[in-house]
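The following exercises concern one protein chain. Please work through each task with the sequence and the coordinates at hand before turning to the solution.

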Amino acid sequence: MSVYITSTGHYLPGEPVDNERIEAVLGMVHGKPSRLKRRILQSNGILQRHYAIDADHNTLISNGEMAARAGQACLDQSYLSKARLDMLSVATSQGDLVLPGFGSMVQAELGVAGVELHSSHGICSSSMMALKAAYTGLKAGEHGNALVIASELASRLFKASRYEAVAQQVDFNAEFLRWMLSDGAGALLLENAPRRRCFRIDWIRGISHADAYPVCMSVGRSPGGDERNWQDFATYAEAEAAGALLIRQDVRLLDNIVKLGVDGLLRLIDEKRVEVERVDHVLCHYSSHYFRGRIFDMLTQAGAAIAEEKWYTNLYTRGNTGCASLFIMLDEFRRTQAYETGDTILCMVPESGRFNNVYMQLTVVEE
């Protein structure tokens, strides 16, 4: 039984924030401008992004509400009403609450009754794991449709007050993601029959390397070799003062994301899942422009180059929205780009959390 992406949607909060205004929204730590911001922004190439907080650090819309709006936007472009949904599969790096699961909160926001529910937790690849769960359910004949939503609200972690609450000086690894991540949500509707021109999912394949590599991106770990996590401290205030609640990226490990992402693609080529010469479009969630050239170079050296004009991204105008990035990208690709029936679309989501990479191939089909 084939599975099709028959509709897409996304939601981005507020007006776009350019590089000159970014610190006005997130705030200057101890009243001083960042010495790292310009360097990191030059590397990632992002020109604007969206935040769900304002300059006074009020949350204007919750993560669950953003997810619901993206889901509703997706359904509004489809033939399917909420009442006919069979499954809701939702992903985020962190919901508005620690418990219950994010999927439950989004279901309530959407007002959908009687669906099978799935919540996927992780970092960038969690959206693809939510998609794989829904895809597998339809392939097995359990459901006739599923709404898959990925949403991120990272900006609440980047308020200046978060960094001012840390007792020691904030290091590069703790500040790095402050200038990388932003907010947004994307949604895909899966059905077991094609509608108009849509995308057939040929396969989804994940390859995790958590057994071989240390943690690269995290929230809840203590810095400086302290083995305690955020729940091991006597109080949450002590965990915050120790820096255990800051989001961190071990930048020394980041080069592995390109190597492992390319290695995974070469593995899929060896398995005959991917035929490079037949790929018409590539949608890759690389988190920074810096990685784009590295990916091209490694693929060229391996004899598996895919022409640069086939690569589509909206990173520079929409920002890096974590697990929502690929869904937002696919929605904008579907609505704004030229493609033909029979075209093959290769999607890639490399994740730096502990290096879980997920790949998907789509084929453009007609009803």
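**Exercise 1. Determine whether Glu-277 is buried or exposed, and where it lies.**

Solution. The model is a predicted one. Glu-277 has a relative accessibility of 63%. The threshold for an exposed residue is over 50%, so Glu-277 counts as exposed. Its place is in the loop between H9 and S11. As a distance check, take Ser-182, which is 95 residues from Glu-277 along the chain. The C-alpha atoms of Glu-277 and Ser-182 are separated by 35 Å.

**Exercise 2. State the order of the strands in the open sheet of 10 strands, and identify the edge strands.**

Solution. Strands of a sheet pair through backbone hydrogen bonds, either parallel or antiparallel. Here the order is S5-S4-S6-S7-S1-S8-S14-S13-S11-S12, and the pairing is mixed. The edge strands are S5 (116-121) and S12, each of which pairs on one side only.

Next, examine individual pairs:

- Strand S4 (residues 87-92) and S5 run parallel and are joined by six bridges. Within S5, His-121 is the bridge partner of Thr-92.
- Strand S1 (residues 3-11) pairs with strand S8 (residues 197-208) in the antiparallel sense, over three bridges. Val-3 stands opposite Ile-201 in S8.
- S8 also pairs with strand S14 (residues 356-366), in the antiparallel sense and over 11 bridges. The bridge partner of Cys-198 in S14 is Val-365.

**Exercise 3. Explain why Cys-74 and Cys-216 do not form disulfides.**

Solution. A disulfide requires two cysteine sulfur atoms within 2.5 Å. For Cys-74, the closest cysteine sulfur belongs to Cys-198 and is 12 Å away, which is too far for a bond. For Cys-216, the closest cysteine sulfur is in Cys-124, at 11 Å, and is likewise too far for a bond. The structure as a whole holds zero disulfides. As to their surroundings, Cys-74 is buried, with a relative accessible area of 0%. Cys-216 is buried as well, with a relative accessible area of 2%.

**Exercise 4. Describe the setting of Glu-152, and find the nearest side chain of opposite charge.**

Solution. Begin with the location: Glu-152 is part of strand S6 (residues 145-152). Glu-152 is buried and has no salt bridge. The nearest side chain of opposite charge is that of Arg-156, 8.8 Å away, whereas a salt bridge requires a nitrogen and an oxygen within 4 Å. Then consider polar contacts. The side chain of Glu-152 makes one with the side chain of Ser-93, at 2.6 Å. It makes another with the side chain of Thr-92, at 3.4 Å. Thr-92 also appeared in Exercise 2, as the bridge partner of His-121.

**Exercise 5. Count the salt bridges, and establish which parts of the chain are tied together by the pairs of Arg-248, Glu-271 and Arg-292.**

Solution. Side chains of opposite charge can pair when their charged atoms come close. The count comes to 18 salt bridges.

*Step 1.* Arg-248 forms a salt bridge with Asp-171, with the closest N and O atoms 2.8 Å apart. Arg-248 lies in strand S10 (residues 247-249) and Asp-171 in the loop between helix H6 (160-164) and helix H7 (172-175), so the pair ties together parts 77 residues apart in sequence. Arg-248 counts as buried at 10% relative accessibility, while Asp-171 is partly exposed at 31%.

*Step 2.* Glu-271 and Arg-205 meet through their side chains in a salt bridge (4.0 Å, N to O). Because Glu-271 lies in the loop between helix H9 (255-270) and strand S11 (281-284) and Arg-205 lies in strand S8, this pair ties together parts 66 residues apart in sequence. Glu-271 is partly exposed, with a relative accessible area of 36%. Both residues belong to a network of salt bridges that links Arg-205, Arg-267, Glu-271 and Arg-273.

*Step 3.* The side chains of Arg-292 and Glu-308 form a salt bridge at 3.5 Å, N to O. This pair links distant parts of the chain, 16 residues apart: Arg-292 is in helix H10 (residues 289-301), and Glu-308 is in the loop between H10 and strand S12 (311-312). Arg-292 counts as buried at 11% relative accessibility, whereas Glu-308 is partly exposed at 47%.

Conventions. Residues are numbered from 1 along each chain as its sequence is written. This is a predicted model: local features need pLDDT of at least 70, side-chain atom pairs count only at pLDDT 80 or more; totals for chains, interfaces and linings use all residues. Side-chain values use heavy atoms; hydrogens and water are left out. Buried means under 20% relative accessible area, exposed over 50%, partly exposed in between (1.4 Å probe, protein chains only). Helices (H or I, at least four residues) and strands (E, at least two) are DSSP runs, numbered from the N terminus. Lys and Arg count as positive and Asp and Glu as negative; His and the chain ends are not counted. A polar contact is a pair of N or O atoms within 3.5 Å; within protein, one must be able to donate a hydrogen and the other to accept it, and residues adjacent in sequence count only if both atoms are side-chain atoms. Two strands pair if DSSP finds at least two bridges between them.
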